[in-house]
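Q: I should like to learn how the features of a structural model are read. Could we work through one together, feature by feature?

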Amino acid sequence: MGFVLRWLAAFVLLALTYNPTEFNYVRWARDYGSKNLSIAVLVGLLLLIGYIIYLRATLRSIGGFGMALVLAVMGSGLWVLYDLNLLSLENTNVNTWLGLLALSAVLGIGLSWSLVRRRLSGQADVDDIDE
């Protein structure tokens, strides 16, 4: 359940930043950010903190190669769905949501990987000294 929550939190972070609807930070900051500059800066900094937490943990746990590998697996899965005619890539909104899902999977796996590795190997990380 912890992995699902981390993945969901990553998805929410990405979707709050940008999504195909009108309810996202990028569109709001572009349209109204100059009128509410202090709020735009505050929300932008909060989103940046979220990205720093997720990206730092992901790079530490699976690295750049691992991130590329997870994206490749997600991409090949989408390719299989497309080849089986279960997925049409003509709708740009659906493509954007699929991209958000794939990126959130990378961040969710990255944040959860050390927990998975500990369960599989039985070895604790150096960061786990108080457990």
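Q: Is Leu84 buried or exposed?
A: Burial is judged from relative accessible area, and a residue over 50% counts as exposed. In this predicted model, Leu84 has a relative accessible area of 55% and is therefore exposed. Leu84 sits in the loop that links α4 (63–83) to α5 (92–121). Leu84 and Leu37 are 47 residues apart in sequence, and their C-alpha atoms are 48 Å apart in space.

Q: What is notable about the phi of Asn85?
A: Most residues other than glycine have a negative phi. Asn85 is not a glycine, yet its phi is positive, at about 60°. Asn85 belongs to the loop between α4 and α5, and with a relative accessibility of 69% it counts as exposed. A positive phi, near 70°, also occurs at Gly63, which follows α3.

Q: How does the length of helix α3 agree with the expected value?
A: Helix α3 covers residues 37–61, which makes 25 residues. From its first C-alpha to its last, α3 reaches 36 Å, close to the 36 Å expected at 1.5 Å a residue.

Q: Which residues of α3 are buried, and what do they pack against?
A: An α-helix has 3.6 residues a turn, so residues three or four places apart point the same way. In α3, the buried residues are Ala40, Leu47, Gly50, Tyr51, Tyr54, Thr58 and Ser61. These buried residues pack against α1 (2–17), α2 (25–32), α4 and α5.

Q: Which side chain does that of Thr17 join in a polar contact?
A: The side chain of Thr17 is joined to that of Tyr51 by a polar contact of 2.7 Å. Thr17 is located in helix α1. Its relative accessible area is 16%, so Thr17 is buried. Beyond residues up to four places away in sequence, Thr17 touches Asn24, Tyr25, Val26, Leu47 and Tyr51. Of these partners, Leu47 and Tyr51 are among the buried residues of α3.

Q: Is Ser104 buried or exposed, and what does its side chain contact?
A: Ser104 is buried, with a relative accessible area of 0%. Ser104 is part of helix α5, and a polar contact of 2.7 Å joins its side chain to that of Trp7. Leaving aside neighbours within four places in sequence, the contacts of Ser104 are Trp7, Ala10, Phe11 and Leu14.

Q: How should Trp97 be classed by its accessibility?
A: Trp97 has a relative accessibility of 31% and therefore counts as partly exposed. Trp97 also lies in helix α5. Not counting residues up to four places away in sequence, Trp97 touches Phe11, Ala15, Asn19, Pro20 and Thr21. Trp97 and Leu13 are 84 residues apart in sequence, but 13 Å apart in space from C-alpha to C-alpha.

Q: How is the packing of α4 and α5 described?
A: Two packed helices are described by the angle between their axes and the distance between the axes. For α4 and α5, the angle is about 145° and the axes are 9 Å apart. The crossing of α4 past α5 is right-handed.

Q: Which residues meet where α4 packs on α5?
A: From α4 come Met67, Val70, Leu71, Met74 and Leu78. From α5 come Leu98, Leu101, Ala102, Leu103, Ala105, Val106 and Ile109. The residues of this contact comprise twelve nonpolar, no polar and no charged.

Note on methods:
Residues are numbered from 1 along each chain as its sequence is written. This is a predicted model: local features need pLDDT of at least 70, side-chain atom pairs count only at pLDDT 80 or more; totals for chains, interfaces and linings use all residues. Side-chain values use heavy atoms; hydrogens and water are left out. Helices (H or I, at least four residues) and strands (E, at least two) are DSSP runs, numbered from the N terminus. Buried means under 20% relative accessible area, exposed over 50%, partly exposed in between (1.4 Å probe, protein chains only). A polar contact is a pair of N or O atoms within 3.5 Å; within protein, one must be able to donate a hydrogen and the other to accept it, and residues adjacent in sequence count only if both atoms are side-chain atoms. Contact means heavy atoms within 4.5 Å. The expected span of a helix is 1.5 Å times one less than its number of residues. Axes are lines fitted to C-alpha atoms, for helices over the stretch in contact, and angles run from 0 to 180 degrees between N-to-C directions. A crossing is left-handed if the near helix is turned anticlockwise from the far one by less than a right angle, and right-handed if clockwise. Ala, Val, Leu, Ile, Met, Phe, Trp, Tyr, Cys and Pro count as nonpolar, Asp, Glu, Lys and Arg as charged, and the others, Gly among them, as polar.
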